[in-house]
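Q: Please pick one part of this structure and take a close look at it with me. I would like to follow it outwards from there, in one connected account.

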Amino acid sequence: MSLPIVFYIFAFILGAVVGSFLNVCIYRLPEGKSIVTPPSACPKCGSSIRWFDNIPIVSFLILRARCRACHAPVSWRYPLVEALNGTLTLLLFMKYGISLAFLALFIFCSSLVVITFIDLDHQIIPDEISLSGIVVGFIFSFFLPWSGWLNSLFGILLGGGSLFLVAWGYAKLTGKEGMGGGDIKLLAMMGAFLGWRSILFIIFASSLIGSVIGVAAMLIQKKDGKLAIPFGPFLALVAVLYIFYGRPIITWYLSIGR
Ligand SMILES: [Zn+2]
């Protein structure tokens, strides 16, 4: 079944518009501010941003990365988040079309975008997203063909439980806290949406990528022992990889031993 191209354009625009809202969440959630009011304003001069200056990606380019009123520079991260979410939404739409699976994974991936940037900025993962994500993922599992509620429930327990054990073991061995509770709840949320098999993949692949980058960062900074790099973005990256390439990667991995 192939859909007219306007559907795909619409999917990208949908993702970018939601990405614009995600920007608001990224900046306001960690400060405990409302994500609904007040409307967006320039952080420099306080003048409110009118709708025609608030078009995802396009306005940033037209205004050449500056506020219309005071010409203060606007962060390139706004259009980046919009383009990223637009691209993810388009890719999901290409894979799942108009379906409940698309809706579920659209919500899931958008949440991961918010989590990634908040974790990069503040080294926290807000409970508002991870805990409600666990509930939403579990509800979706009753209606999704690949999932099923038992699979989702087991995913929550395995995701939360395994990382809890790793964090506990790390703290016991080193006397330091290496992994935050936020990562534990995030992995439980991933299990809720993607099922328990995804957890094995996500833990294995994110530890691999995380330790390579972690060691590189330690060598560059000449620090040792302490994990200063947030783990959430690695988990998010690998979860997205799992959605699009999980099956072929697992098949390839299992074929190496033969
Ligand atoms: Zn301004």
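A: Let's start with helix α9, because it gives the most to the lining of the second largest pocket, with 14 residues. Please keep in mind as we go that this is a predicted model. Helix α9 runs over residues 232-256, and the pocket that it helps to line has a volume of about 830 Å³. In total, 29 residues line this second largest pocket. If you want to place its centre by eye, look for Phe201, Tyr242, Gly246, Arg247 and Ile250, which lie nearest to it.

What kind of residues make up this lining, by class? The nonpolar class accounts for 23 of them, while three are polar and three are charged. Helix α9 does not do the work alone: α3 and α8 (196-221) each supply at least two residues of the lining as well.

The pairing of α8 with α9 deserves a moment of its own. Their axes come within 9 Å and cross at roughly 115 degrees. Angles from 65 to 115 degrees count as roughly perpendicular, so α8 and α9 are described as roughly perpendicular to each other. The crossing in which α8 passes α9 is right-handed.

While you have α8 in view, find Ile213, which lies in this helix. Is Ile213 buried, exposed or partly exposed? Its relative accessibility is 39%, and since partly exposed covers the range between the 20% and 50% cut-offs, Ile213 counts as partly exposed. For a sense of distance, Ile213 and Leu144 are 69 residues apart in sequence, and their C-alpha atoms are 35 Å apart in space.

A second helix pair makes a nice contrast in angle. The axes of α5 (residues 127-141) and α7 (residues 181-194) come within 7 Å and cross at roughly 20 degrees. Angles under 35 degrees count as roughly parallel, and that makes α5 roughly parallel to α7. Here the crossing is left-handed, whereas that of α8 and α9 is right-handed.

Now let α3 take us on to the other pocket. Helix α3 supplies at least two residues to the lining of the second largest pocket, and it also supplies at least two to the lining of the largest pocket. That largest pocket holds about 1000 Å³ of space. Of the 41 residues that line it, the closest to its centre are Ser40, Ala41, Pro43, Ile49 and Tyr78. Alongside α3 (77-96), helices α1 (5-28) and α2 (58-62) each bring at least two residues to this lining. The largest share, six residues, comes from α1. Sorted by class, the lining of the largest pocket has 24 nonpolar, eight polar and nine charged residues.

The loop between α1 and α2 has some backbone details worth checking on your screen. Pro38 is found in this loop, and the peptide bond that leads to it from Thr37 is cis, with omega near -10 degrees. Ile57 is found in the loop between α1 and α2 too, and it has a positive phi of about 65 degrees although it is not a glycine. Buried requires a relative accessible area under 20%, so Ile57, at 21%, counts as partly exposed.

Move on past α2 and you meet another backbone feature of this kind. His71 is found in the loop between α2 and α3, and it has a positive phi of about 65 degrees despite not being a glycine.

Within α2 itself, have a look at Leu61. At 58% relative accessibility, Leu61 is over the 50% cut-off and therefore counts as exposed. Leu61 and Trp76 are 15 residues apart in sequence and 10.0 Å apart from C-alpha to C-alpha.

Trp76 also gives us a ruler to a distant point in the model. Computed along the sequence, Val166 and Trp76 are 90 residues apart, and from C-alpha to C-alpha they are 36 Å apart. Val166 is found in α6 (residues 149-174), and with a relative accessible area of 42% it is partly exposed.

Key: Residues numbered from 1 in each chain as written. Predicted model: local features only at pLDDT ≥ 70, side-chain atom pairs only at ≥ 80, totals over all residues. Heavy atoms only, no water. Helix = DSSP H or I, 4+ residues; strand = E, 2+ residues; numbered from the N terminus. Buried < 20%, exposed > 50% of the residue type's maximum accessible area, 1.4 Å probe, protein only. 1 Å grid on protein atoms, 1.4 Å probe; cavity = no way out; pocket = protein on both sides within 12 Å on 5 of 7 lines; lining within 4 Å. Points joined across faces, edges and corners; volume = space filled by probe spheres on them. Nonpolar A, V, L, I, M, F, W, Y, C, P; charged D, E, K, R; others polar. Axes fitted to C-alpha atoms, helices over the stretch in contact; angles between N-to-C directions. Parallel < 35°, antiparallel > 145°, perpendicular 65-115°, else oblique. Left-handed = near helix turned anticlockwise from the far one by under 90°.
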